[in-house]
Amino acid sequence: MKRYARMSQLYAPTLKEDPAEAELASHRLLLRAGMIRKTAAGLYSYLPLAWRSLGKIKSVIRDEMEGIGAQEVQVPMIVPGEIWQESGRWDVYGPELLRLKDRHGRDFVVGPTHEETFVDLVRDELRSYRQLPVTIYQIQDKFRDEMRPRFGLMRGREFIMKDAYSFDATVEGMQRSYEEEKAAYARICERCGLRALPVVADSGQIGGDTSVEYMALAEAGEAELVWCDCGFAADVEAACARIAVEEGPGTDCERIETPCEGSIAALAAFLSVTERACRKSLALIAEDGTPVLCLLPGDHELNEVKAAHAFGRYDVMDEEQMAEYALVKGYMGPIGADGRVRVVADVSLKGSQSWLIGANEEGWHIKGARPGRDFEVCEWVDLASAEEGDGCPQCGKPLRGARGIEVSQVFQLGTTYSEAMGATFMDEDGVERPFQMGCYGIGVSRMLAAVVEQHHDEHGIAFPVCVAPYEVEVVPLDTEGEIWDVADRVAHELVDLGVEVCVDDREERPGVKFNDADLMGFPYQIVCGRRGIRNGVVEVKDRSTGAREDVAIGDVATVVAERVISQRR
Ligand code: ATP
Ligand code: MG
């Protein structure tokens, strides 16, 4: 028989004060609401409330996986070292990999991800194309010895992941499996109440994407994104935005005295032009030793990832090196620089005719400089970090900026693992071929943290129904007499209607109960107090909107149950 939970018995040790070590809202609130406790750095115990929420996330995942025909399995967390040697990852995986030996001295790893295990699992069983495609998945703890475990569940060392692996006979088949998983992942985020964007992590050679990360939008996110209503979204590292060029003043190449500080902001203010109309110069030494001068729109930053793409492991020039190449800090430019310096400009500047650049002399700039006439640009490269307001590469509309938490990632792997591990099947023509694989991961515990990041206020968590530990909290302001009888009856009626209810049966002051109710953030609160009951009503509070209304005692269970059930998704 279903029962309601009693707050007095709930193992949810709440904290009155903010824990000092918690920077992020999710970390702070999950600790304060008594949902998680730290065992050691990056190792957390999930207490009953968190475990219930995680259970709901897992059921959404299972439901969506079933919808696309993926089958759940469970493989050991501990993986024999030999198969990691076979795949080649034994030698290349960094210190995040926890390696151990058993009593016989055999090598093992605690799985940070399980490609090897799954390939090993199917390679002797799936022998013919007729048995394909197959997608199998598990929901299990992973271990990664992260250098900086932090932010509670956001970046743990042991964390819960759902990992799926697809095995197909052909590239087209793999792409189909990938698209299905990708679509399911979008629905999983949506059903768990997460606003997330699919961000292309890697573009395929034939077009289309081969890896997408779902980024839950949140201030606390580690990733910096730009996105557009047309559906485009990318990490600033990967986005090639359309940056509208602004020309500098004048068209004749002319030296001008600029007795201002050697920064773009000071120069722009001194000449009354925008920062974008100036050209920013940055001096680097490329990996192969070539001195490089990068020219960018004055208001944009050099993107380190793009720069590394273009120049390898580069260094920023020090003053001594600048002097060697006749470059003057704060007043750098291509004109007057040593002939060995390779001038590389951001691709957005191509076609610009009037450049305001440094003159390589303290206190002097050059205006109206034109590439091709007054100096040479060796190469036009995408170097600038995309920013909010730049043009969307797909539709041209202004991009919007956001930060994101990576909650999941899908990959087309192709035959990388199957070839390395000799996992083959017989195709229609009797030829042995390696499986075409995809792999798909969701950070289940990180997802709970992301939900809290998106659904909280200064008083606590405001869970969406689909992920809430309980759907309704009944708050009687007395634990005996008429008030208790009403609360107990309403709670029973709700349970009979299939709603998950917790009753705050503690002998605490109303203020304490209200604060804890707001902190734990169950979606609806039903407050049973003397004055209301005298008028035949109780108060229903919607935790996320804060809206309160009086509802007749006889109706409240059906009214609230209807709202809850309609939001279950
Ligand atoms: P990150 O870039 O954040 O380190 P990742 O790209 O290395 O993550 P994947 O290998 O793609 O992670 O793993 C799949 C999912 O597992 C991630 O999308 C993320 O949600 C989750 N995840 C990865 N590392 C952690 C961690 N240390 N703690 C909690 N969740 C994690
Ligand atoms: Mg990832």
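**Close-ups of ligand 1, its pocket and a cavity**

Strand E9 (158-168) and strand E22 (400-414) each bring at least two residues to the shell around ligand 1. Keep in mind, as you look through these views, that the model is predicted.

**View 1. Ligand 1 has a shell of 14 residues around it.** Of these, Arg 144, Glu 146, Arg 155, Gly 156 and Glu 406 come nearest. Strand E22 is the top contributor to the shell, giving four residues. Sort the shell by class and you get five nonpolar, four polar and five charged residues.

**View 2. Polar atoms of Glu 146, Gly 156 and Val 407 pair up with atoms of ligand 1.** Start with Glu 146: an N or O atom in its side chain is 2.8 Å from a nitrogen atom of the ligand. With Gly 156 it's a polar backbone atom instead, 2.8 Å from a nitrogen atom of ligand 1. Val 407 also uses a polar backbone atom, and here the partner is an oxygen atom of ligand 1, 3.0 Å away. As for cover, ligand 1 on its own has 580 Å² of accessible area, and the protein covers 81% of that.

**View 3. The largest pocket is where ligand 1 sits.** This pocket has a volume of about 550 Å³. It's lined by 29 residues, and those closest to its centre are Arg 144, Met 161, Glu 406, Gln 409 and Gly 441. Two of these names, Arg 144 and Glu 406, should ring a bell from the list of residues that come nearest to ligand 1.

**View 4. Strands E9, E22 and E25 (436-443) help line the largest pocket.** Each of the three supplies at least two lining residues. E22 gives the most here, with six residues, and E22 also gives the most to the shell around ligand 1. By class, the pocket lining holds 14 nonpolar, six polar and nine charged residues.

**View 5. The structure also holds one cavity of 30 Å³ or more.** The space in this largest cavity comes to about 30 Å³. Its lining is made up of Gly 42, Tyr 44, Tyr 46, Gly 152, Leu 153, Gly 156, Glu 158, Phe 159 and Ser 445. Gly 156 is worth spotting: besides lining the cavity, Gly 156 has that polar backbone atom 2.8 Å from a nitrogen atom of ligand 1. Strand E3 (43-46) and strand E9 each supply at least two residues of the cavity lining. Split by class, the lining has four nonpolar residues, four polar ones and one charged.

Terms used. Residues numbered from 1 in each chain as written. Chains lettered and ligands numbered in written order. Predicted model: local features only at pLDDT ≥ 70, side-chain atom pairs only at ≥ 80, totals over all residues. Heavy atoms only, no water. Near = heavy atom within 4 Å. Polar contact = N/O pair within 3.5 Å; in protein donor to acceptor, adjacent residues only side chain to side chain. Areas by Shrake-Rupley, 256 points an atom, 1.4 Å probe, with all protein chains shown as cover. 1 Å grid on protein atoms, 1.4 Å probe; cavity = no way out; pocket = protein on both sides within 12 Å on 5 of 7 lines; lining within 4 Å. Sits in = over half its atoms within 2 Å of the grid points. Nonpolar A, V, L, I, M, F, W, Y, C, P; charged D, E, K, R; others polar. Points joined across faces, edges and corners; volume = space filled by probe spheres on them.
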